[in-house]
Structure formats: C-alpha cells, structure tokens
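Please open the model in your viewer and keep the selection panel at hand. The tour begins with the whole chain and then moves from one selection to the next.

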Amino acid sequence: MQLGAHTLRLRPREGHELRIESSTLEVSPPAKVRWHRDVEGNSVAIATFNESTRSLKIESQVMIQQYNQQPHDFLVADYAVAYPFRYTDEDAISLSPYMNTSSAPESRLLAGLVDSVWQTGEQIDTFALLLRLNQTIYRTLVYRMREEEGVQTVDESLSGGTGSCRDSAYLFMMAAQRLGFAARFVSGYIYPDSPIAISGSTHAWAEVFLPGAGWKGFDPSTGSIVGDDHIAVAVARLPESVPPVAGSFHGPPGATMTVDVQVIEQPAQ
C-alpha cells in the first residue's frame with residue numbers, strides 16, 4: 001500500500017482559555033510532518049510518506065491546561081444584548097462568510113424550527129434566545145452515532161428526529177444563521193463525563209459570534225453551553241472542511257479503520 005499525503009487536525013486551538021503544556025505526534029510508517037496554520041488559524045499537520053506499508057498508525061498525545069471554568073461569565077455589547085440586533089458594518093464584513101445561507105435550499109422544516117423559538121416582533125435577551133435554540137434542538141433530535149460520511153441535511157435531521165453530534169451542530173448553525181447570527185462549525189473533543197462521549201470519537205458543536213463576548217460555543221447534542229469539558233481543535237465555515245484526518249492510499253481494497261479518543265483529567269500537582 002502506498003500512502004498519499006495526509007492532513008491532520010489533531011492539535012487543540014490555543015488561546016486565553018486553553019494552553020498546551022506538551023504535545024507529541026507519532027506516525028508509523030515514518031513520515032515527514034510539516035505544520036502550518038490555515039485560514040481559520042487551525043493548526044494543521046501535513047504528513048508525507050516515502051515507503052509503502054501494510055498499515056498506518058497516527059497517535060497524538062496532548063496535555064493541556066483549561067481555563068474556561070466559567071463559560072457564562074461574559075458581557076455582550078450593549079447594542080446586542082436584546083434580539084433582534086445588527087452587527088456593526090465593520091464586523092459584518094468579517095463575519096459575512098459565516099452568515100451566508102444563500103446556497104442552502106429553503107427548508108420549511110427549518111423555518112418551523114426557527115419559528116418555534118422566536119416570533120417576528122418578539123423582544124428577547126440574545127443569549128437566552130440562543131440557549132432556547134440549543135435546548136430545542138437537544139430535545140428534538142435523539143443522539144445517534146453515525147459512521148456514514150458527511151453531515152445530514154437539516155430536513156433529514158428534523159424529519160428523522162435523530163442525528164450525530166455533527167448533524168446537531170450543523171442544524172444549530174443553519175438555524176442561527178437564519179436568525180441573522182454568524183455561526184461556525186467546531187470539531188474537537190469532549191470530556192468523558194458526557195454520556196455521548198462513550199463512543200471514543202471526536203465531537204462537534206457550533207459557535208456563534210456575540211459582540212463584546214466573541215465566539216461562544218453551543219453544544220446541541222448535550223443541550224449545554226461549551227465550557228472546560230470541550231476542547232476545540234478546528235473551526236470552519238462548513239463541517240466538511242475540518243476532518244480530523246484526511247488522506248489517500250493506493251492499494252488493494254478491504255482496508256479498515258479504528259479511531260479512539262481518550263480525554264483524561266490529570267490530578268492537580
């Protein structure tokens with residue numbers, strides 16, 4: 001089997017809420033690994049191979065320090081405290097890629113979901129509206145682990161009443177954008193206290209830009225706001241833009257893949 005280049009998005013996003021203490025990336029067979037940051041500021045590794053092999057193993061170990069213990073402790077800019085509001089002209093330019101829903105087909109089911117959380121003319125606290133949307137999707141979709149590639153359409157999720165974490169996150173994004181918010185997709189890890197973490201796989205949620213507070217995470221799979229139990233790895237305008245591992249190989253058919261994610265809390269020193 002000859003391996004093509006593989007793109008790896010496994011390193012958490014650093015910032016004032018998260019700091020990486022140590023990080024190792026082991027690839028077998030040996031690979032040349034080059035790091036860069038993409039247009040979203042995600043850390044991306046490109047692994048290239050020279051020798052053929054019968055298997056590929058990628059193991060990433062990262063020790064982090066989390067500081068996002070109070071995710072509700074933030075201030076929204078005065079003009080955005082109550083919904084509806086409009087982003088400033090300057091912000092709207094930068095946020096426009098995350099607000100563009102023109103390419104999405106009109107969905108009466110999505111319109112019905114949005115109408116169930118907000119009626120035209122209603123004045124509501126902006127954050128309370130987003131929490132309401134988050135809880136509504138949490139109650140509407142039954143979590144179901146899916147091995148199939150890609151993300152369900154909003155109609156598939158709403159008509160079927162089930163979805164994986166990435167399906168719920170995408171539905172939240174589409175609903176938030178319909179309400180006029182800038183929203184983006186997040187891929188990462190979740191602490192295993194959550195009942196949906198038992199699959200040992202990566203996790204997905206959504207972020208909305210709130211003026212004065214920045215990008216705030218909402219997890220419709222758990223019905224919660226994102227805090228120190230969530231570890232963001234990559235953000236993107238579209239879910240398909242940030243697979244944790246993407247690559248190709250030339251060889252006989254019948255390959256299998258195993259994925260395992262473990263998030264372990266270390267005792268305080």
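## The whole chain

Among contacts in the protein chain between residues at least 6 apart in sequence, 70% join residues at least 24 apart. Please keep in mind throughout that this is a predicted model. With the full chain in cartoon view, you will find five helices and 17 strands. The radius of gyration is 20 Å, close to the 18 Å that the globule rule gives for 269 residues, so the protein chain is as compact as a globular protein of that length. If you turn the C-alpha trace along its principal axes, the spans are about 65 × 45 × 35 Å. Switching to a surface view, you are looking at about 15000 Å² of accessible surface, of which 50% belongs to carbon and sulfur atoms, while buried residues make up 42% of the 269 residues.

## The aromatic cluster

Next, select Tyr79, Tyr83, Phe85, Tyr87, Tyr98, Trp118, Phe181, Phe209 and Trp215, which ring pairs link into a cluster. A search of the whole structure finds eleven aromatic pairs. One of them joins tyrosine 83 and tryptophan 118, where the ring centres are 5.0 Å apart and the planes stand at 85 degrees; since an angle over 60 degrees is the criterion, the pair is edge-to-face. This pair links distant parts of the chain, 35 residues apart, with tyrosine 83 in strand E7 (residues 82–83) and tryptophan 118 in the loop between helix H2 (108–117) and strand E8 (124–125). Tyrosine 83 is buried, at a relative accessible area of 5%, and tryptophan 118 is buried as well, at 13%.

Now move to tyrosine 98 and tryptophan 215, which form an edge-to-face pair with 5.3 Å from centre to centre and 75 degrees between the planes. Tyrosine 98 lies in the loop between helix H1 (89–95) and H2, and tryptophan 215 lies in strand E13 (residues 214–219), so the pair ties together parts that are 117 residues apart in sequence. Is tyrosine 98 buried or exposed? Tyrosine 98 counts as buried, because its relative accessibility of 11% falls under the 20% limit, whereas tryptophan 215 is partly exposed at 23%. Keep tryptophan 215 selected and add arginine 184: the charged end of arginine 184 sits over the ring of tryptophan 215, 4.1 Å from its centre.

## Beside tyrosine 83

Return to tyrosine 83 and look at its backbone, where a cis peptide bond joins tyrosine 83 and proline 84, with omega about 5 degrees. Proline 84 lies in the loop between E7 and H1. For a second cis bond, select serine 28 and proline 29, where omega is near 10 degrees; proline 29 is found in the loop between strand E3 (18–28) and strand E4 (32–37).

Then select isoleucine 124, which is found in strand E8 and is buried, with a relative accessible area of 10%. Which residues does isoleucine 124 touch, not counting those up to four places away in sequence? The list consists of Val81, Ala82, Tyr83, Trp118, Leu129 and Arg132, and it includes both members of the edge-to-face pair between tyrosine 83 and tryptophan 118. For a distance to display, the C-alpha atoms of isoleucine 124 and leucine 110, 14 residues apart along the chain, are separated by 20 Å.

## Helix H5

Select residues 165–178, which are helix H5; its 14 residues reach 20 Å from the first C-alpha to the last, close to the 20 Å expected at 1.5 Å a residue. H5 is mostly covered, with 13 of its 14 residues buried. Following H5, you come to glycine 180, whose phi is positive, near 100 degrees.

## Two glycines in loops

Finish with two glycines. Glycine 121 lies in the loop between H2 and E8 and is exposed, with a relative accessible area of 64%. Draw a line from glycine 121 to serine 52: these residues are 69 apart in sequence and 63 Å apart in space, C-alpha to C-alpha. Glycine 15 is in the loop between strand E2 (6–8) and E3 and is partly exposed, at 45% relative accessible area. Glycine 15 and tyrosine 67 are 52 residues apart in sequence, and their C-alpha atoms are 9.6 Å apart in space.

Key: Residues are numbered from 1 along each chain as its sequence is written. This is a predicted model: local features need pLDDT of at least 70, side-chain atom pairs count only at pLDDT 80 or more; totals for chains, interfaces and linings use all residues. Side-chain values use heavy atoms; hydrogens and water are left out. Rings of Phe, Tyr and Trp (its six-membered ring) pair if their centres lie within 6.5 Å; planes under 30 degrees apart count as stacked, over 60 as edge-to-face and the rest as tilted. Helices (H or I, at least four residues) and strands (E, at least two) are DSSP runs, numbered from the N terminus. Buried means under 20% relative accessible area, exposed over 50%, partly exposed in between (1.4 Å probe, protein chains only). A charge sits over a ring if NZ of Lys or CZ of Arg is within 6 Å of the ring centre and within 35 degrees of the ring normal. The radius of gyration is taken over C-alpha atoms; the globule rule is 2.2 Å times the number of residues to the power 0.38. Contact means heavy atoms within 4.5 Å. Accessible areas come from the Shrake-Rupley method with a 1.4 Å probe; for residues, only the protein chains shown count as cover. The expected span of a helix is 1.5 Å times one less than its number of residues.
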